[in-house]
Amino acid sequence: MCAGDRPESLAEICTARCLRNLGGTMCRTSAEGSLSLSGGVFLPSEICDRLLNTWVLGCNGNFRPFSDLSSPVTVTLYSVPLPSVCYPLGRQDLIELHLIYCNKLTSGSLKTLTHFRHTLVSLSLYGCSNIFRRRGLNTQALDDQGNPSRRAEPDFTFQGFDRLRLLNLGGLALPVDVEALLHPLPTLVSLDLSGIRIPRAKFLLQWKDTLASLVLYNVELSEEHIHTIVKLSNLRHLDISRENQRSFSFKLSRNTLTGIVQDLSHLVSLDISCNVIVDDCIVPPYEEALSRSSIEPSDSSIFPFRDLKRPLQFLGLYDTSLCNLTHIPAYKVTGTRNEDQILNAIEAYTELRPEVAHRAINHLFDIARIQHCSQLIRALQLVIAALKFHKYNKNIQVTGSAALFYLTNTEYRTNQSVRLRREVIQVVLNGMEEYQEVTVQRNCCLTLCNFSIPEELEFQYLRVNQLLLRILEPAWQDESIQRIAVHLCNALVCQVDNDHKEAVGKMGFVTTMLNLIQKKLQDKMCDQVMEFSWSALWNITDETPDNCEMFLDSKGMSLFLQCLETFPDKQELHRNMLGLLGNVAEVKALRPQLLTPQFITVFSNLLDSKADGIEVSYNACGVLSHIMFDGPEVWTVEESCRDEVMDRMRAAIRSWDVNSRRNINYRSFEPILRLLPQSIAPVSQYWATWALYNLVFVYPDKYCPLLIREGGMALLQGVLEMDTSQAETKDMARKVMEYCRNFREEPMDTTK
């Protein structure tokens, strides 16, 4: 089993099953369309939590509300665009509610929160930038410096939230008087005020005996703030990190860090990332080089941390000079020095700090591209999580998709499980859905090229085709993306069953390829896009009459003639076009559309082509063989004598080398075998027998079992017994049967 190939748990399988079939498992639908539990059903809180969170996250917030879950629940909603997200939860006893980057939440949601004041233990409103904004704000109010302020004065209060212990108000856009807002909460254990302006910090002392976690990320600090913070003696986690070093003037000195370490003796986690660190914090280089790397505080390369009683569990040093030191007294460190620090940073900052996670993923991208990623599974899982969390963040999508391209290439492939690679595919497709931006689209398409196509993409087959066709619709599309997308389209319709091809054909695949060809004709450019487009049409019309008909109905034959005339020397183009027309000619109902003087003349002339070995001549002869198979009574072309065309076909077949290696792949011999048991067109029988002779002679392991399996031996025996069969045809038929008999007598598995 590959690393990361953990099977889905029973709980995950049951949750997915129930959510796909709510009406058949546990719920009933009201007249208003809301869901409620069926009579007699009671769900424990753990199951309620899992159901609701999986449903919300899986549906991106587009869900019908449960009207009764029968139990207290815990809910995390990430970037859900609901005008009043608490409405569907209105009748539950919420214990935890985490609303993250829900920008459309308004002050009306705050009123709903009061319904849960007796049960809420944990509340996060991180990044809900409009939740304290209300109409009629006094825009002329003045701040402490006498400047105009847009300070919100919400009528919401935390009065009565007696059980609330964990509160996150980080990332609020408007200035909020947090001192007044939080005053009714005397027993907070965890508080996050990231990005909020705090002119006076002394109000924090009301929790000096209870507060265990304080996060002041992106808060403008001063010595007064630090003096207050170090009095919170029970703190175990302190975060005073920043987004970058440019935004703030405050610097961390040796004395400041020493005070934090000495006064906060219970500290196990400290984050000072992106702070400017004064140089006197660091031991001299010669002293650091004296011993091997150590996490013991007494060996610390950072003077203030030598006062720690034990190594920290976590130390955030991302984008600081300290992360490059050798002796850092912590078990887990974020930074940019090595892969481990970078992965720690992605893990720590993804959920609430995409601006920092984006930079960390960029460092991972450089490692995967230039060096070697030694923690592949962890790296992939972290990037996947970041892309899922920040589906609407362009920076994360660009860097994350670029990192995935390098993390899924051939070098790393053997260590990746099927489940993990499927997760990669899903987040890549999510990015393609959300962003039309060139860089994201290119990265996503390139990443898909790292997978076995169509096998690894088959579980998302229709979705990926739909997205690729959408990419190819605009005529202005970037040339490199167009080339990659057409290549993927071509690979996706090769070696798949006919149901898949027909479904993709109905999506507009045929017309999209023809539009690309038309554009290239206008530009008089025969490039990879042109050749791949014809190749894709060749593959999608194989044994699919509906797609062949679409090709004809969409003026495909006109484009064929124009391409022949405009690009007379493009051998691969000619081969792809004739292969496609061979598929069209196999459909009896469509052959009359090929029986015109112009087309018969073109096909007859191509019999003499030496382009791409025998391929163009072979395919032209195949088209004519199917037309001849319909008999002389349907031949309505007065300008060309049927017998003369058949003579040219015989001459062409005799000129081919039976040892020719082929640029073709038959999944079935049925279109060829149907030409054997007939006397109306001996030349068609001759072509079909030569085709079988060449294929079983050059590729016996592949085509002898196929011919035996599809009943070809009996049909060839019939050719030998027919008086109308030509001597050359009978001679080849004997040789084919002999090859297959010899192959069958060998101890080989013919089912492969």
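Pro 454 sits in the loop that runs between helices α14 (438-448) and α15 (461-472). In this predicted model, the peptide bond leading from Ile 453 into Pro 454 is cis, and its omega lies near 10°.

Two further loops hold residues with backbone angles worth a look. Cys 274 belongs to the loop between strands β14 (269-271) and β15 (276-277). Its phi is near 65°, a positive value in a residue that is not glycine. Glu 543, in the loop between α19 and α20 (545-553), is also not a glycine and has a positive phi of about 55°. How much of each residue is accessible, Cys 274 and Glu 543? Cys 274 has a relative accessible area of 0% and is therefore buried, whereas Glu 543, at 27% relative accessibility, counts as partly exposed.

These loops belong to a protein with 30 helices and 17 strands. The chain has 752 residues, and buried residues make up 54% of them. Contacts between residues at least 6 apart in sequence can also be sorted by separation: 67% of them join residues at least 24 apart.

The interior can be followed through its nonpolar cores. The largest nonpolar core contains 160 residues, and those with the most contacts inside it are Trp 534, Phe 551 and Phe 560. Helix α27 (residues 682-698) is the element that gives the most to this core, contributing 10 residues. Another core, of 70 residues, lies apart from the largest one; Phe 116, Leu 193, Ile 229 and Leu 235 are among its members. Back in the largest core, which residues does Phe 560 touch, leaving aside those up to four places away in sequence? The partners of Phe 560 are Trp 534, Met 577, Leu 578, Leu 581, Val 602, Phe 603 and Leu 606.

Aromatic rings offer another way into the structure, which holds 19 aromatic pairs. One of them joins Phe 697 and Tyr 739 in a tilted arrangement, with 5.4 Å from centre to centre and 55° between the planes. This pair links distant parts of the chain, since Phe 697 is in helix α27 and Tyr 739 is in helix α30 (residues 727-745), 42 residues apart. Are the two rings' residues, Phe 697 and Tyr 739, buried or partly exposed? Phe 697 has a relative accessible area of 31%, so this residue counts as partly exposed. Tyr 739 is partly exposed as well, with a value of 29%. Elsewhere among the aromatic residues, Tyr 618, Trp 656, Trp 687 and Trp 690 form one cluster.

Finally, there is open space to explore. The second largest pocket encloses about 640 Å³. Its lining consists of 35 residues, and Trp 538, Asn 539, Asn 663, Ile 664 and Asn 665 lie nearest the centre. Which helix supplies the largest share of this lining? That helix is α22, with 6 residues. Helices α16 (479-492), α19 (528-540), α22 (571-585), α24 (615-629) and α26 (670-673) each supply at least two lining residues. Sorted by class, the lining of this pocket has 15 polar, 12 nonpolar and 8 charged residues.

Terms used. Residues numbered from 1 in each chain as written. Predicted model: local features only at pLDDT ≥ 70, side-chain atom pairs only at ≥ 80, totals over all residues. Heavy atoms only, no water. Core = buried A, V, L, I, M, F, W, Y, C linked by side-chain atoms within 4.5 Å. Buried < 20%, exposed > 50% of the residue type's maximum accessible area, 1.4 Å probe, protein only. Helix = DSSP H or I, 4+ residues; strand = E, 2+ residues; numbered from the N terminus. Contact = heavy atoms within 4.5 Å. 1 Å grid on protein atoms, 1.4 Å probe; cavity = no way out; pocket = protein on both sides within 12 Å on 5 of 7 lines; lining within 4 Å. Points joined across faces, edges and corners; volume = space filled by probe spheres on them. Nonpolar A, V, L, I, M, F, W, Y, C, P; charged D, E, K, R; others polar. Phe/Tyr/Trp six-rings, centres within 6.5 Å; stacked < 30°, edge-to-face > 60°.
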